[in-house]
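Biologist: I should like to learn how to read side-chain features from a set of coordinates. Could we work through them by category, with the general idea before each case?

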Amino acid sequence: MSEKLAVPSESLPGGGLTPASTPTTGAEALEFAKARKVAQIDLKFVDLPGQWHHFTIPINQFGEDQFVEGVGFDGSSIRGFQAIQESDMLLFPDPSTAVIDPFSTGVPTLSMICNVKDPITGEPYSRDPRHVAQKAEAYVKKTGLADNAYFGPEAEFFIFDSVRFDQNQYSGYYFIDSDEGAWNSGRPNDGKPNLGHRPRYKEGYFPVAPIDTLQDIRTQMTMTLIALGIDIETHHHEVATAGQCEIDMRYGTLTRMADQMLTYKYVIHNVAARNGKTATFMPKPLFSDNGSGMHVHQSLWTAGKPLFSDPAGYAGISQMAKWYIGGLLKHAPALLALTSPTTNSYRRLVPGYEAPVNLVFSQRNRSAACRIPMYSQNPKAKRVEFRCPDPLANPYLAFSAMLMAGLDGIINKIDPGDPLDVDIFELSAEEKAHVKTVPGSLPEALDALEKDHAFLLEGGVFTKDLLEVYIAYKRSREIDPVRLRPHPYEFYLYYEL
């Protein structure tokens, strides 16, 4: 197991360790490494779409200077970063993120998350997603509205036994299998007994063993995350058949939570692989069953006081919280380009699978884009849950964008309208016509982001350059490749006509 570079002390309202309990200098990080006989230093950083990259340096080649002077890398080889003629970039390790990597077997390896800077100007890199998150946190304080913004993502995922996929000029396919899959109920023995006990479609929520076969793997994932200093509240099987799961982290501050989200994915992928399985955060890998979302709970605090609570207000939330919701709902079509950022995301955002497709707010209603959980009346528990995002989002960009939308709502006192506490699916056609819905595709969301992004530019949090590069990347590298390829189901629909 891994060790966190600190010992737990007084918890923040958002959970985790206080800044005083974590290192603030490179010297402290290197002293920790020396005490644990670390042989390698692993530096991790995130690209624009949200995937971690890394390289490793023997510890005898790494000193305090690297924390001050940075470590060079080729920015032109990273998605969304530099052109080839301006490729040189620098990484600056953040000592407060230092942990012993649990997946570097045999050789103790110290892992740190890095920020990116330009070697010519010495300035933080405007397209570094982690820098965007740090600017968003600074902007909250600058507005005077709050000291801190807290985020709590609930990221769902699938654990499969195997996956095969390919796409070329003359064929295209994917094959997923899971012993838990309801489709295996009629599988022949083939030398292996078929024992049944599988979650039926849309009936995988909270079953006990032997239906839930993934308890031990989730426990391994949970214990690894805890050893890395991440507070875990619960884990369980999710609604879909074939191994849909969820592990919930205790909420925390924006940048720290985004760091933890990438650590979470790293741990889940690697623990699954160690058990001979494969994990995916794709929002909709299975047709006709629930997809995987990343519902994001968020709240604002000042001087240890929660600002979203008002016992006299609707669902116990304050006027500030309602304005925050107003900002989320107003800017939702643009937000989804960052929070539901793939073509696959919009296979999930369809009615009928608990998908939050309706741009309304409500207490308890899970088909609403914004929900106010009612499990507790404690003021500290009052928060807004934005249910549209999915776990393929870059968490630094997604959390920052949601915060900027919410702050815009507060600053401009955006009214979210009346709450909708009825079953939306049972409304008449005339009533449904007044309920706005999320974009139906990634191209629609990107178009919305092009038209509505001024709120993201406030305080210099996002830059036009970053948004332009992001939109161009999504159109050229994701939308066009999917749009230009024949879909297997098109053969079923059209081949014989």
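Modeller: Let us begin with charges over rings, bearing in mind that this is a predicted model. A charge sits over a ring if NZ of Lys or CZ of Arg is within 6 Å of the ring centre and within 35 degrees of the ring normal. Here Lys265 lies over the face of Phe281, at 5.3 Å from the ring centre. Lys44 is placed over the face of Trp52, with 5.6 Å to the ring centre.

Biologist: Which aromatic cluster includes Trp52?

Modeller: Trp52 forms one aromatic cluster with Phe103 and Tyr266.

Biologist: How should a pair of aromatic rings be described?

Modeller: The description rests on the distance of the centres and the angle of the planes. A search of the whole structure finds 18 aromatic pairs. In one of them, the ring centres of Tyr150 and Tyr251 are 5.9 Å apart and the planes stand at 75 degrees, so this pair is edge-to-face. The two residues are 101 residues apart and link distant parts of the chain: Tyr150 belongs to strand β7 (residues 148–160), while Tyr251 is in the loop between β11 (244–249) and β12 (252–253).

Biologist: Is Tyr150 buried or exposed?

Modeller: Tyr150 counts as buried because its relative accessibility is 3%, and buried means under 20%.

Biologist: What geometry does the pair of Phe157 and Tyr264 have?

Modeller: Phe157 and Tyr264 are edge-to-face, with 6.3 Å centre to centre and 80 degrees between the planes. This pair also links distant parts of the chain, 107 residues apart, with Phe157 in strand β7 and Tyr264 in helix α5 (residues 254–274). Phe157 is buried, at a relative accessible area of 0%, and Tyr264 counts as buried at 0% relative accessibility.

Biologist: How many disulfides does a search of the whole structure find?

Modeller: The search finds zero disulfides. A disulfide requires cysteine sulfur atoms within 2.5 Å. For Cys370, the nearest cysteine sulfur is that of Cys388, 7.2 Å away, and Cys370 is in no disulfide. Cys388 is likewise in no disulfide, its nearest cysteine sulfur being that of Cys370. Cys370 is buried, with a relative accessible area of 0%, and Cys388 counts as buried at 0% relative accessibility.

Biologist: Turning to the surface, which residues make the nonpolar patch of about 650 Å²?

Modeller: That nonpolar surface patch is made by Tyr489, Tyr492, Leu493, Tyr494 and Leu497. Of these residues, Tyr494 lies in helix α14 (residues 488–494).

How values were computed: Residues are numbered from 1 along each chain as its sequence is written. This is a predicted model: local features need pLDDT of at least 70, side-chain atom pairs count only at pLDDT 80 or more; totals for chains, interfaces and linings use all residues. Side-chain values use heavy atoms; hydrogens and water are left out. Patches are made of residues with over 30% relative accessible area and no salt bridge: like charges are joined within 9 Å, nonpolar side chains (Val, Leu, Ile, Met, Phe, Trp, Tyr) within 5 Å. Accessible areas come from the Shrake-Rupley method with a 1.4 Å probe; for residues, only the protein chains shown count as cover. A salt bridge is a side-chain nitrogen of Lys or Arg within 4 Å of a carboxyl oxygen of Asp or Glu. Helices (H or I, at least four residues) and strands (E, at least two) are DSSP runs, numbered from the N terminus. Rings of Phe, Tyr and Trp (its six-membered ring) pair if their centres lie within 6.5 Å; planes under 30 degrees apart count as stacked, over 60 as edge-to-face and the rest as tilted. Buried means under 20% relative accessible area, exposed over 50%, partly exposed in between (1.4 Å probe, protein chains only).
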